[in-house]
Amino acid sequence: MSSFAGRMKEYPNMSLDRFDRENLHARAYFLSHCHKDHMKGLKGPLLKRKLKFSLTVKLYCSFVTKELLLSNPKYAFWEDHIVALELESPTLITLIDEASGEREELVVTLLPAGHCPGSVMFLVEGAQGTVLYTGDFRLAKGDASRIELLHSGSRVKDIKSVYLDSTFYDPRFYQIPSRETCLHAIRGLVQDWVSRSVYHTVWLNCKAAYGYEYLFTNLGDEFHTQIHVKSLDMFKKMPEILSHVTTDRATQIHACRHPKEEGFVPASRLPCGSSASDGTPLNIISIKPSTMWFGERTQRTKVIIRTGASSYRACFSFHSSYSEIKDFLSYLQPINIYPSVIPIGRTYADVTELLKSMCRDVSSSAVIYRPLGTLKRTRPEQHTHGDYMDCTESNDDDEEERDLEEEERGGERDEGSVSNSGTPPPRWEEFFTTEILTDSQTSQPHSCSDTSPSHSTPNQPITGSQTPELFVDDYAKLPSPSIPLSAGRGLSQAESLLIQSEDRCQGDALTNLDAGGEESGSHTHQSEPTESQVSSDFDIPSTPDSHTPGPDDLSDLYRRLAAGEEVVTRTGSQSL
């Protein structure tokens, strides 16, 4: 008997196998199978009223469960709100709050549960991790390893929580015979009885309306007969079962049920009558599939036990045994396990204590669960005192973080650069303006008396000269102006521009000297552009009435720039 309240801690906006109380506020419903202990409130008036005024609330289940549910007229009002999902097919489901419009997206996968026709487990994946709701299930040892969608590639998915069918998670039910073993024992008993005469009849005393179809189909095939049931309505859209059942009572194997209002019924009394159609009394034995009864035995027993003159008990289980559940959990290794059923004679505390040893210890595990979400790189915390930045707390991780940020912005930073003022970082869009400058703007003199801070970084303001300090006081230490283009890849754009300008000036000077030292004042004859000019990002126009500076002029200019002296160009004069 399920004691699950319907809500999972990770995803409280969906309700599973419970449809009353707080579950009335759910945004979506999920039904694992059609046993009544999993359908509480499903036909309640409050839920029916909610569906009447809702446009988004749906009930998700398997195709078989949908057909079984709608075969009962009491659930006909669900017809327009049921969505049948394919087995083992991940499906994106959006949960919508109709009042606020809030949306939550989940990927839900239906997995075979092996409990009864149409029964499924729900694998839910979303922002709060991967969660498995088993519903009622019967999986043999090793079955979990054969379910492909419990795996991601070659490894088991990182399951945060399992909401577990713990019906037989009790050492008393350590080993339960497989259904194949039970079927073999029942088949032998049926064979011995029905072979005596046509008036020897077997009654399968099944307590649930459905779930024993495994016995019906296999016994029908074995004895080339159909199993008598009260109604075919629930099997009409399940042809693989429909062909094995009948409402004709003239058969030797019955699974019809007594009316609920009847009290104690003798095992020898067949629900559909104890006489054949010709009035001959029938010789009836009853076989009651059961598990709980066997769990109460203190000694080892057989699969079938005779309990009366014409009555038998067969150990047949819809639920996994204690050892099968341990095998299942050992394979998945979830972080949390929540029992959905409390075994008879146990308490919730007893079961949770037994399950503790099956939970994964996150502290010692290599796989650590982290919720899905937007990945953001955190900016290193900077402590400032007055006008200066305190760098005493910086470490290698901070340096690496800043390097990554610089790369993302497309900038470069000098190693070991230190800000010597409290100036904010520059904006690189000011370096490369989209405005077209006029001749008057380009011809205005620029003062270099306020030199820029040393080793400027991409995020410092543009103050004074925008040219980095490439020079030193000692002229002998100046680098050679002849630098290959490939070497310029490691320089900033401003550095590359200055070196290219120097190359162009020296190339023009050599060209003029080869021509006899004559200087062209009008520049009417344009020589072919040099390699550095072609590679430049933009061209520098010639200044009217100017002359090409010689090597001595350039050397003097470099020394004055390096010393920080003011450089003024006087109108009408070619001297610097």
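**Close-up views of a predicted model**

**View 1. The whole chain.** The chain exposes about 33,600 Å². Carbon and sulfur atoms supply 51% of that area. The model is predicted. Its chain has 576 residues, and 37% of them count as buried. The secondary structure comprises 14 helices and 21 strands. Take the contacts between residues at least 6 apart in sequence: 65% of these join residues at least 24 apart.

**View 2. A positive surface patch.** Five side chains are to be located here: Lys 36, Lys 43, Lys 74, Lys 230 and Arg 257. Together they form a positive patch on the surface.

**View 3. Lys 230, one of the patch residues.** Lys 230 sits in a loop. Strand S13 (227–228) precedes that loop, and helix H5 (239–242) follows. Lys 230 counts as exposed because its relative accessibility is 67%, and the cut-off for exposed is over 50%.

**View 4. The buried residues of helix H7.** Helix H7 spans residues 322–332. Its buried residues start with Tyr 322, Ser 323, Glu 324 and Ile 325. Phe 328, Leu 329 and Leu 332 complete the list.

**View 5. What covers H7.** Strands and a helix contribute to the cover over the buried residues of H7. Among them are strands S7 (120–126), S8 (129–133), S10 (155–156) and S11 (159–164). Strand S19 (336–339) and helix H8 (348–356) are also included.

**View 6. The residue just after H7.** Gln 333 comes just after the helix. Its phi is positive, at about 50°.

Technical notes
Residues numbered from 1 in each chain as written. Predicted model: local features only at pLDDT ≥ 70, side-chain atom pairs only at ≥ 80, totals over all residues. Heavy atoms only, no water. Patch = residues over 30% accessible without salt bridge, like charges linked within 9 Å, V, L, I, M, F, W, Y side chains within 5 Å. Areas by Shrake-Rupley, 256 points an atom, 1.4 Å probe, with all protein chains shown as cover. Salt bridge = Lys/Arg side-chain N within 4 Å of Asp/Glu carboxyl O. Lys, Arg positive; Asp, Glu negative; His and termini not counted. Charge placed at Lys NZ, Arg CZ, Asp CG, Glu CD. Helix = DSSP H or I, 4+ residues; strand = E, 2+ residues; numbered from the N terminus. Buried < 20%, exposed > 50% of the residue type's maximum accessible area, 1.4 Å probe, protein only. Contact = heavy atoms within 4.5 Å.
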